[in-house]
Amino acid sequence: MSLLQTTHAPAPSIGAEIRAAAIYVITGTLALLLQTTILHGLTGGRIIPDLVLILCVYLGLHEHNIGGATGAFLLGYLLDSFSGSLVGLHAFAMTIVYLMVYLVSRRLWMDNALSGVAMVFLGSLLKGLAVVIALAAYLSIDRMSLGVAQTLFAEALLAAALTPVVFGALGWAKRVAGGN
Amino acid sequence: MLEFVRRNRVLLSSGFFLLCSLGLLSANARQPGRIDPLGRIFLEVMAPFQRLTAGVAGVTRGFWNRYVLLVGVQEENDHLRTRLRELERRGTHQSEMELMNRRLKRLLALERELPTRAVAASVMARDASVWFQSLTLNKGEVDGIQTGMPVMAPEGVVGLISSTSLHASRVLLLTDPNSGIDVLVQRTRVRGILSGLLEQGTTLKYVKRSDDVRVGDRVITSGLDGVFSKGLPVGRVAQVSRKDRGLFLYAEVTPDADASRLEEVLVALPSGEELRRPAALARAAEAGPPDPAALGIYGPPAPAARGEGRGR
């Protein structure tokens, strides 16, 4: 079973962890800025590339510690501050995505670009589903059409397409900062 | 025990954060926008970055539109479009005033015409998700803006202020699934609640199947929600369907104010608000009297045309 993960990376030093955390904070801020300004304008708000979700999946793949879970929650909370009025919705969805990616990456070998793309695609679908279900539960939305599923799918495809760029940039930043 | 916790620290911490999120969700579903310990800080910290990014994007877009894409034509097109919207808005308002006169509601109309101050604000950023509809404005509490204040554009109603920080605020658009505005169908005076859809657009809720609502009917605010004045333009009925079953009909409404194109909006202050806020009063005094055409939504159209909306 070549897919089974059999090795574990050595624990990074505290300095490296702090540098990695700084990179995640800067990337998260940049991702949200792009999502709320330039990217929104480019797509007219119909489909917005979810860069924050890609960062969350990256955390699930590479940060198997309390910091990773905290980061996913805070990324979701950050999204909640700039999206909708139901605080906790994205925090909930992002934590679920992180947990799913973490559980999968513990059992399968995920150290290649294609698996990252697949995880972002699945993660995006999962996040969308979690948001829609929570909305239906908390806001009693009674009318959901095929358009919702189409938007979910299109958003997942777009996020998956952008994954190599975001993962590449994160990997480069961590190498430059010596955080990996 | 410690070994178990150490080995399952990710699962345990994720479970903890899931519980936290659900707690926040439940609390905020009951009282929207009230329990948000970090949101205010995030909004304030991100505001300067968003302002900078929006500024750079605006300059680039402006250069592209005016000099590269269409030299001259773009400006004329903008002018004509603005003029058309202004005339449409005045026409709607005039119709509403005439109906009020017929129903002998002059006193109420006169009361509505009392001057009210408004704060003009620029849109800095838009919603970070496709599921919700909100805007971030470049004015906040120091300018007198508070949660719950109505937000309008020259075309019509935009939404409500949902949260504020010192120098920024967020608007929950009427197209958001969490919004609800009391409205009237202008032609037949049928009342309903306008709420956003998960997809784009809005729907008119709680209208009886037997009520007379047709495609193209104009929808205006009813004034009964205590937030918006009566008679403000909201949108037009775009689709009506009456199924075999159910008490209510289904009607989609296309909002007059296209939030995706909004750049500047007006936040209406309650009467006397500026008196309680020295900073806002000082700014208002510096800025001079409010623009009558922009604030005309509170009263009848100004007799003198303000260059028909040019240079706004």
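Reader: Where does A:Ser83 lie?

Author: In the loop between H4 and H5 of chain A. Bear in mind that this is a predicted model.

Reader: Why is A:Ser83 called buried?

Author: Its relative accessibility is 1%. Buried means under 20%. A:Ser83 therefore counts as buried.

Reader: Which residues does A:Ser83 touch?

Author: Leaving out residues up to four places away in sequence, A:Ser83 touches A:His90 in its own chain. In chain B it touches B:Asp127, B:Ala128, B:Ser129, B:Phe132, B:Ser134 and B:Arg170.

Reader: What makes A:Ser83 and B:Asp127 a polar contact?

Author: Their side chains are joined at 2.7 Å. The cut-off for such a pair of N or O atoms is 3.5 Å. The value lies within that limit, so the pair counts.

Reader: How many residue pairs are in polar contact between chain A and chain B?

Author: Six, with both residues at pLDDT 80 or more. For salt bridges across this interface, the rule finds zero.

Reader: Which elements of chain A supply the side that touches chain B?

Author: Helix H1 (14-36), helix H2 (38-43), H4, H5, helix H6 (113-139) and helix H7 (146-177) each supply at least two residues. The residues on that side divide into 32 nonpolar, 20 polar and four charged.

Reader: How many residues are in contact, and what area do the two chains bury?

Author: 56 residues of chain A are in contact with 51 of chain B. Between them the chains bury about 5,000 Å². Carbon and sulfur atoms account for 71% of it.

Reader: Now the rings. How many aromatic pairs does the structure hold?

Author: Nine, over all chains. One of them is A:Phe73 with B:Phe17, a stacked pair.

Reader: What makes A:Phe73 and B:Phe17 a stacked pair?

Author: Take two values: 4.9 Å centre to centre and 20° between the planes. Rings pair if their centres lie within 6.5 Å, and planes under 30 degrees apart count as stacked. Both values meet the rule, so the pair is stacked.

Reader: How do you know that the pair crosses between chains?

Author: A:Phe73 sits in helix H4 (residues 66-81) of chain A. B:Phe17 sits in helix H2 (residues 9-30) of chain B.

Reader: Are these two rings' residues buried or exposed?

Author: A:Phe73 has 9% relative accessibility, and B:Phe17 has 10%. The limit for buried is under 20%, so both residues count as buried.

Reader: Which residues do ring pairs link into a cluster?

Author: A:Phe73, A:Tyr77, B:Phe16, B:Phe17 and B:Phe42.

Reader: Why is the pair A:Tyr98 and A:Tyr102 called stacked?

Author: The planes are 10° apart, and the centres are 6.5 Å apart. Stacked needs planes under 30 degrees apart, so the angle fits. Both residues lie in helix H5 (residues 89-107) of chain A. They are four residues apart, about one turn of the helix.

Reader: What makes A:Tyr98 and A:Tyr102 buried?

Author: A:Tyr98 has a relative accessible area of 0%. For A:Tyr102 the value is 4%. Each is under 20%, so each is buried.

Reader: Where is B:Ser179 found, and why is it called buried?

Author: B:Ser179 is in the loop between strand S5 (169-173) and strand S6 (181-185) of chain B. Its relative accessibility is 11%. Buried means under 20%, so B:Ser179 counts as buried.

Reader: What does the side chain of B:Ser179 reach?

Author: The backbone oxygen of B:Leu173, at 3.5 Å. Neighbours within four places in sequence aside, the contacts of B:Ser179 include B:Leu172, B:Leu194 and B:Gly196.

Technical notes
Residues numbered from 1 in each chain as written. Chains lettered and ligands numbered in written order. Predicted model: local features only at pLDDT ≥ 70, side-chain atom pairs only at ≥ 80, totals over all residues. Heavy atoms only, no water. Phe/Tyr/Trp six-rings, centres within 6.5 Å; stacked < 30°, edge-to-face > 60°. Buried < 20%, exposed > 50% of the residue type's maximum accessible area, 1.4 Å probe, protein only. Contact = heavy atoms within 4.5 Å. Buried area = accessible area lost by both parts, 1.4 Å probe. Salt bridge = Lys/Arg side-chain N within 4 Å of Asp/Glu carboxyl O. Polar contact = N/O pair within 3.5 Å; in protein donor to acceptor, adjacent residues only side chain to side chain. Nonpolar A, V, L, I, M, F, W, Y, C, P; charged D, E, K, R; others polar.
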